[in-house]
Amino acid sequence: MFDLEAFVESCRRVIAEPHAAKAILELMREAVADPDAVAQGVPALPPKTGVLDAPIFRSSEMTVLNVTLRPHACSIAHNHRMWAVIGIYKGEEANTFYRRGEKRLEAANRRTIHAGEALLLGADVVHAIENPLDTPTLGLHVYGGDLLGAERSMWSPDEKDERAYELPQFYHWCNDLAAARRAERERAAAAG
């Protein structure tokens with residue numbers, strides 16, 4: 001059985017070590033290897049509660065979040081400016097990774113994390129995420145710092161303009177992007 005408090009304590013014990021990110025990745029891999037146990041051990045967020053409103057743990061060294069991605073939710077490109085370990089225990093999270101081009105971000109790689117898998121993101125990673133499924137995706141995220149207090153960046157939906165991360169604008173653009181993709185799926189279904 002997955003014990004959320006024990007998991008957080010294990011992460012706290014290694015957070016100051018030189019290779020904390022890799023150690024926490026291994027802890028996450030062990031945890032999500034039994035996704036059903038994690039689902040039973042992590043409390044569901046109350047309806048309409050944002051992930052950033054209910055951190056599991058927060059300090060200047062580490063943030064732990066229980067993340068729910070609604071069906072077909074997606075984000076604009078953003079960074080964390082700290083390493084992150086992402087573990088998925090239900091559904092899947094599709095990541096697009098970017099590099100800076102001359103005039104805009106350029107997609108450099110894609111990776112989907114499925115239930116039972118974990119991924120380490122470096123501190124300099126710029127990415128966008130999407131839940132491609134008709135069901136929610138649930139994940140446990142550990143960040144190597146205070147994610148909620150960090151100065152971060154986000155990019156406009158056309159991936160040209162880097163801006164300071166502002167939560168209301170971030171969600172506005174993410175919702176617009178999700179609506180545009182939903183309309184594309186509906187047009188494709190109607191045409192097919």
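# A guided tour of the predicted model

A search of the whole structure finds eight salt bridges, and since this is a predicted model, each stop below describes what was computed from its atoms. The tour visits some of these salt bridges, then a pocket, and then a sheet.

**Stop one: a pair within a helix**

Begin by selecting helix α2, residues 20–32, and show the side chains of R29 and E26, which form a salt bridge whose closest N and O atoms are 3.0 Å apart. R29 and E26 are three residues apart in this helix, and therefore they are separated by about one helical turn. If you add a surface to the view, R29 counts as partly exposed because its relative accessibility is 39%, and E26 likewise counts as partly exposed, at 38% relative accessibility.

**Stop two: a pair between two strands, and a network**

Next select R100 and E162, which form another salt bridge, with the closest N and O atoms 2.7 Å apart. R100 belongs to strand β5 and E162 to strand β11, so this pair ties together parts that are 62 residues apart in sequence. R100 is exposed, with a relative accessible area of 54%, whereas E162 is partly exposed, with a relative accessible area of 37%.

Keep both residues on screen and add R81, because the network of salt bridges here links R81, R100 and E162. R81 sits in the loop between β3 (78–79) and β4 (84–90), and R81 counts as partly exposed, with a relative accessibility of 44%. The backbone of R81 also deserves a look, for its phi is near 60°, a positive value in a residue other than glycine.

**Stop three: a second positive phi**

Where does E159 lie? Select the loop between β10 (153–155) and β11 (162–164), and you will find E159 there. Phi of E159 is near 65°, which is again a positive value in a residue other than glycine. Is E159 buried or exposed? At 19% relative accessibility, E159 counts as buried, since the cut-off for that class is under 20% relative accessible area.

**Stop four: the second largest pocket**

Now turn to the second largest pocket, in which about 250 Å³ of space lies. Seventeen residues line this pocket, and to find its centre you can select T96, Y98, A128, E130 and R181, which lie nearest to that point. Colouring by secondary structure helps here, as β5 (92–100), β6 (105–114), β8 (126–130) and α4 (167–191) each supply at least two residues of the lining. Which of these elements gives the most to the lining? It is β5, with four residues. Colouring by residue class instead shows a lining made up of eight nonpolar, four polar and five charged residues.

Stay with E130 and R181, whose side chains meet in a salt bridge of 2.9 Å, N to O. Because E130 lies in strand β8 and R181 in helix α4, the pair ties together parts that are 51 residues apart in sequence. E130 counts as partly exposed, at 22% relative accessibility, and R181 counts as partly exposed too, at 30% relative accessibility.

**Stop five: an open sheet with antiparallel pairing**

For the last stop, hide the side chains and show the strands as a cartoon. Five strands form an open sheet in the order β1-β2-β9-β4-β7, with antiparallel pairing. Its edge strands are β1 (57–58) and β7 (117–121), each of which pairs on one side only.

Select strand β9, residues 137–143, which pairs with strand β2, residues 63–69, in the antiparallel sense over seven bridges. Across this pairing, T63 stands opposite Y143, and V142 is the bridge partner of V64. On β4, which also runs antiparallel to β9 and is joined to it by six bridges, A84 has Y143 of β9 as its bridge partner.

How many residues of β9 are buried? Seven of the seven are, so β9 is largely enclosed by the rest of the structure. Showing the side chains again, you can follow T137, G139, H141 and Y143, which point one way from β9, while L138, L140 and V142 point the other way, and all are buried.

Technical notes
Residues are numbered from 1 along each chain as its sequence is written. This is a predicted model: local features need pLDDT of at least 70, side-chain atom pairs count only at pLDDT 80 or more; totals for chains, interfaces and linings use all residues. Side-chain values use heavy atoms; hydrogens and water are left out. On a 1 Å grid over the protein atoms alone, a cavity is a set of points where a 1.4 Å probe fits but cannot get out, and a pocket is an open set with protein on both sides within 12 Å along at least five of seven lines; lining residues have an atom within 4 Å of a point. Grid points are joined across faces, edges and corners, and a volume is the space filled by probe spheres set on the points. Ala, Val, Leu, Ile, Met, Phe, Trp, Tyr, Cys and Pro count as nonpolar, Asp, Glu, Lys and Arg as charged, and the others, Gly among them, as polar. Buried means under 20% relative accessible area, exposed over 50%, partly exposed in between (1.4 Å probe, protein chains only). A salt bridge is a side-chain nitrogen of Lys or Arg within 4 Å of a carboxyl oxygen of Asp or Glu. Two strands pair if DSSP finds at least two bridges between them.
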